Amino acid sequence: MTQWTNWAGTATATPQRVHTPRSTAELAEVVAGVAVEGRRVRAWGSGHSFTPIAVADSDAIDLTAWTGIVSADIESGRVAVRSGTKLRKLNADLDALGLAMTNLGDIDEQTIAGAVSTGTHGTGARLGGLATQIVELELVLADGSVVTCSADRRPELFAAARVGLGALGVISTVTLQCEPSFVLSAQERPEPLEQVLEGFDQFAEENDHFEFYWFPYGRNALVKRNNRLPDDAERRPLSRAKQFIDYEITENLAFGALCRTGRMVPKLVRPLGKLASSLLSTREYSDLSHRVFVTHRGVRFVETEYAVPRESVHDVLAELRALVPRLETPVAFPVEVRVAAADDIWLSTAHGRDSAYIAIHQFVGMPYRQYFAAFADIAGVVGGRPHWGKMHDLDASVLRDRYPRFDDFVRVRKEVDPAGVFGNAYLDQVLGR
């Protein structure tokens, strides 16, 4: 048996069998065999979900050997990629083809299947999450059959499977609608939090990609604005020395040291937080899109995130700001705020509404449950939807009310996996048995 632990150390498993298929046929054979013997199976990606969504008690499918681009049509921008491919590798391979994904999150360690299945997103008021860039999926269903779904072929399965939680089948390949490579202008600078909140709606609308990080106990937020440049724009990337100092030294080594100090001496967290907020620096540069979207995260943390209606973001943040000073344990990590456009994917956190995403974090090893639970209550008042790959305690009885197509998803799941072959305890919680 193999011991498996996710990136944050919040979920572990010891499955009886770990399968490493190297073809769709092998993948189908594994699934069919598990189903015949009445067991359950989960697919493993990179373990970057904070929830136990990938926990496999019986059988696990390790997709790390199932990687790479299958086909690419440069003219149309459609690219089919194997499901175990990490976003970092995909970005590099697309770059070599002169292509890029329209939007990305700030971490590229996830597999493409894991990222889309849990609703991973970036930021941009006119843009959706990664799953909105999917035009076709190939799935291995519980009976071992291999099916293709798209907006035209099995559209209900497609509407469900783009953010499918791994509950409908094992994704074999993902076909993405990509576009020609483009350059982003990046502007990152500290601004007074009150000023950022006052201009939030304007900033979200006037920038292609807008987000900010609020450092509890400090006056400033780190604001990031990324905007497309014309096709012939010259890139002005950060120098290697600047990248190393700003990201590796300041944002990873130094920040990690501050967090470890705060974990050892909690009363220092507040003054250290004020210090971190006051030391934020300005960066302006331009580079290929994926090099701007992605940031290396070397300091480990736990996280929960809720999508709330855009119009509710000020009320939710006001409640959150009032909450933080009342917590028994101080908060060592910043709060991240992003935006996304509404979409029509059944279990997407942005289904049917323009959304603001509020993610809260705590340094690993520091108490977080009181903080996370209190924030869940705040977000719940406005119908907040938890990120499927980030920590939460909600179950099907609550989530059904927050997703208009929840019962449709459950119906399709029962049609394609009536015995619950792809289930685990987390799916039993969030979808019901």
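**Close-ups of a predicted model**

**View 1. Strands β14 and β15 make an antiparallel pair.** Strand β14 (residues 209-214) and strand β15 (residues 220-228) are paired antiparallel, with 6 bridges between them. This is a predicted model, so read each view here as a look at a prediction. Follow the pairing to Trp214 and you will find Ala221 as its bridge partner in β15. The two strands form a hairpin with 5 residues between them. Look for Tyr217 in that turn: its phi is positive, about 80°, although Tyr217 is not a glycine. Is Tyr217 buried or exposed? Tyr217 counts as buried, with a relative accessible area of 18%.

**View 2. On its other pairing, β14 meets β18.** Strand β18 (residues 335-340) runs antiparallel to β14, and 3 bridges join the two. One spot to pick out is Tyr213, which stands opposite Glu336 in β18.

**View 3. The two sets of side chains on β14.** In a regular strand, side chains alternate between the two faces of the sheet. Here, His209, Glu211 and Tyr213 point one way from β14, while Phe210, Phe212 and Trp214 point the other way. How many of the residues of β14 are buried? The count is 6 of 6, so the strand is mostly covered. That includes Glu211, a member of the set with His209 and Tyr213, and buried like the rest.

**View 4. Phe200 and Phe210, an edge-to-face pair.** Searching the whole structure turns up 14 aromatic pairs. One of them is Phe200 with Phe210, set edge-to-face with 5.8 Å from centre to centre and 70° between the planes. The pair links distant parts of the chain, with Phe200 in helix α6 (residues 200-206) and Phe210 in strand β14, 10 residues apart. Phe200 is buried at 1% relative accessibility, and Phe210 is also buried at 1%.

**View 5. Tyr306 and Phe375, a second edge-to-face pair.** The ring centres of Tyr306 and Phe375 are 5.8 Å apart and the planes sit at 85°, so this pair is edge-to-face. Tyr306 belongs to strand β17 (residues 301-309) and Phe375 to helix α11 (residues 369-381), so the pair ties together parts that are 69 residues apart in sequence. Tyr306 is buried at 1% relative accessibility, and Phe375 is buried with a relative accessible area of 0%.

**View 6. A cluster of aromatic residues.** Which residues form one aromatic cluster? The members are Trp7, Phe50, Phe255, Phe301 and Phe333.

**View 7. The second largest pocket.** Rolling a probe the size of a water molecule over the atoms shows where empty space is left. The second largest pocket has a volume of about 570 Å³. It is lined by 22 residues, and Gln243, Arg291, Val294, Thr295 and His296 are the closest to its centre. Which elements supply at least two residues each to this lining? They are α2 (87-96), α7 (240-264), β16 and α9 (289-293). Sorted by class, the lining has 8 nonpolar, 6 polar and 8 charged residues.

**View 8. Two cysteines, no disulfide.** The disulfide count is 0. Cys149 is in no disulfide, and the nearest cysteine sulfur, that of Cys178, is 17 Å away. A disulfide needs the two sulfur atoms within 2.5 Å, so that separation rules out a bond here. Cys178 likewise is in no disulfide. Are these cysteines buried or exposed? Cys149 is buried, with a relative accessible area of 0%, and Cys178 is buried at 5%.

**View 9. Two leucines in loops.** Leu165 sits in the loop between α4 (155-161) and β11 (170-177). Its phi is near 60°, a positive value in a residue other than glycine. Leu165 is buried, with a relative accessible area of 1%. Now turn to Leu279, in the loop between α8 (269-278) and β16 (283-288). Leu279 counts as exposed, at 59% relative accessibility. From C-alpha to C-alpha, Leu279 and Thr349 are 34 Å apart in space, and they are 70 residues apart in sequence.

Terms used: Residues numbered from 1 in each chain as written. Heavy atoms only, no water. Buried < 20%, exposed > 50% of the residue type's maximum accessible area, 1.4 Å probe, protein only. Helix = DSSP H or I, 4+ residues; strand = E, 2+ residues; numbered from the N terminus. Pairing = 2+ DSSP bridges. 1 Å grid on protein atoms, 1.4 Å probe; cavity = no way out; pocket = protein on both sides within 12 Å on 5 of 7 lines; lining within 4 Å. Points joined across faces, edges and corners; volume = space filled by probe spheres on them. Nonpolar A, V, L, I, M, F, W, Y, C, P; charged D, E, K, R; others polar. Phe/Tyr/Trp six-rings, centres within 6.5 Å; stacked < 30°, edge-to-face > 60°.
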